[in-house]
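Student: I would like a close look at a single part of this model, described so that I can place it against the chain as a whole. Please take your time over it.

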Amino acid sequence: MDAWLLLSALFPLLSVLTFLVLLRWPARQAMPLCLLGTAILSAFVWSVSLLQIAAAIAEGLVIAATVLWVVFGALLLLNLLENNGSFLLIRRGFAAISGDHRIQLLFVGWLLVAFLEGAAGFGTPAAIAAPLLIALGFRPLAAVVLTLIADSVPVSFGAIGTPVLVGLTNGLPGISPELIEQSAVTAASIDLFCASLIPVLMCLILCRYFSDKPDWRSGLTIAPLAFLSGLCYSLPAFFVARYLGPEFPSLLGALAGLIVLTLLVRFGIAVPATLWRCDNETNNTSTGEVAPEHLALFKAWGAYLLLAVLLVLSRLEFLPFKAVLQTVQLNWSEIFGSTLSTSVQPLYLPGTVFVLTVLLLLPWQTKRRQLMRKATTESLHRIWPAAITLASAVPMVRLFLHSDLNSADLPAMPIYLASVTSQHLVEFWLWCAPWIGALGSFIAGSATFSNLMFASVQQQLALDATLPLSLVLALQMLGANAGNMVCVVNVVAAASVCKLTGQEGQIMRFTLLPMALYCLLASAIATVLYSTTA
């Protein structure tokens, strides 16, 4: 029976990897089968009632609708900017700073992603930054893969610190605020090393796999500047986490990084002498693009500036906007008479901020009715494939998480997997802890939920292994970051925005190795820290 329990608990993970990564099926075909298999195993092996299965699926559909609303809002803004010519101006503006695609990746794919994660999270960074990279001349697959890799490090303090303030705090009821802050600072200190290498890895992947003439040398040439761009983020983020708390490290770290990197590029510090582009135009010193006037460039960037301002204002606790937006709440209590409930705050969703941004911009557009009609039509047309996938993937995730509602008195499947792992690997827990965090994000599509789900497990394992709890919780946070690269919800959302629906498996094949490297590097640094302080 234990073998059946283990296999059924592993099924949601193995089926996703098998269908998407190994067999290369489109997610819209693979995920319904994953959902069906999980439902059957939940009923016959895990003894979950049909009522609870139906309730979990219904809850998942509600959550999937909120994710689709974010995707629709991102698509609506994207199509508006494509149709009014703003993307062309943005491309020319970046070309005025540098025509080098590697440097543009550091600005947009690394630091802008970190800023957007710090402001909003919830899949927003890839939905905004990936289309911008495509507008700059990046291949769509490269844009999605690289922004997903980048949207890992800043997740620790994403959405104004939600993974810490909500995830860890609620995952460990009664834990002292001091221990939470210590765990956050420990995670930021480990990321001084990990985070600084992520942009180097991104540049290497770009030059090796997404160029007309793939080579490692071009990636190595930009490595010093890429490493500095990593430090430009990780150093300010560390000091903000240490002295100001977990709300603003990602946000302020990214802002500081954008300023410092701009100065480094302007003064030519660590900037390669030869221009490099994905289309291999390495012999030119410029792209030939004419920089737009400052006013025109400001208008082109105005949509994203407005979006960033609205996201930040709507997330800050000391301003009244967050409380007002959260007052409107749609509740579904005791779904189908079960113990499950769900709620949605429609005005607080990032998708609503996207749509509000479009509506605020619309009066300033020429032929606005025609423009809005075209943008809406294109967005609705592109969202349907993602809807099919998410309507299967998210219910599967919720069923996986709610499998503890059974008549056999069994724990939830992910808790069961974590406990089985801990029984055999407690002596090596510094090397295992990040993988538990990554498992949570991979399943739930959320670092916050990963922390909520596994913080108590990590606490028990830290006690069993006589390890510092703050260090183990820091690894949980960093593992949850890494899992963000490969979680199905994020991959599907980013792919749908960039017209890559059906290529989710290919995207995950590129992000699996960086995810693993992030976990291993975090464990290695944590082991060194523990050995020096023990």
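Tutor: For charges, Lys and Arg count as positive and Asp and Glu as negative, with His and the chain ends not counted, and each charge is placed at NZ of Lys, CZ of Arg, CG of Asp or CD of Glu. Counted in this way, the chain carries 24 positive and 24 negative side chains, and 17 Å separates the centres of the two sets. The model is predicted, so local features need pLDDT of at least 70 and side-chain atom pairs pLDDT 80 or more, while totals for chains, interfaces and linings use all residues. Residues are numbered from 1 along each chain as its sequence is written, and side-chain values use heavy atoms, without hydrogens and water.

The whole chain comes before the part. Its secondary structure consists of 21 helices and two strands (DSSP runs numbered from the N terminus, H or I of at least four residues and E of at least two). The radius of gyration of the chain, 22 Å over C-alpha atoms, is close to the 24 Å of the globule rule (2.2 Å times the number of residues to the power 0.38) for 534 residues, so the chain is as compact as a globular protein of that length. Along the principal axes, the C-alpha atoms of the chain fill a box of roughly 70 × 60 × 50 Å. Of the 534 residues, 58% count as buried (under 20% relative accessible area, against over 50% for exposed and partly exposed in between, with a 1.4 Å probe and protein chains only). Among contacts (heavy atoms within 4.5 Å) with a separation of 6 or more, 79% join residues 24 or more positions apart.

The part I would choose is Asn 484, which lies in the loop between helix H19 (469–483) and helix H20 (488–497). Although Asn 484 sits in a loop, Asn 484 counts as buried because its relative accessibility is 6%. Leaving aside residues up to four places away in sequence, Asn 484 touches Asp 151, Val 155, Ser 441 and Asn 490. With one of these, Asn 490, the side chain of Asn 484 also makes a polar contact of 3.1 Å (a pair of N or O atoms within 3.5 Å, one able to donate a hydrogen and the other to accept it).

Beyond H20, the loop that leads to helix H21 (504–533) holds Lys 499. Here the setting is an open one, because Lys 499, at 60% relative accessibility, counts as exposed. The backbone of Lys 499 has a phi near 60°, a positive value in a residue other than glycine. Ser 47, in the loop between helix H2 (27–44) and H3, likewise has a positive phi near 60° without being glycine, and its relative accessible area of 25% makes Ser 47 partly exposed.

For a view of helix positions, Gln 52 belongs to helix H3 (residues 50–83) and is buried at 13% relative accessibility. Outside the four places on either side in sequence, Gln 52 touches Ser 338, Thr 339, Leu 340 and Leu 405. Val 355, in helix H14 (residues 350–361), is buried at 14% relative accessibility, and with residues up to four places away left out, Val 355 touches Trp 69, Phe 72, Gly 73 and Leu 76. By contrast, Val 355 and Ile 415, 60 residues apart along the chain, have C-alpha atoms separated by 38 Å.
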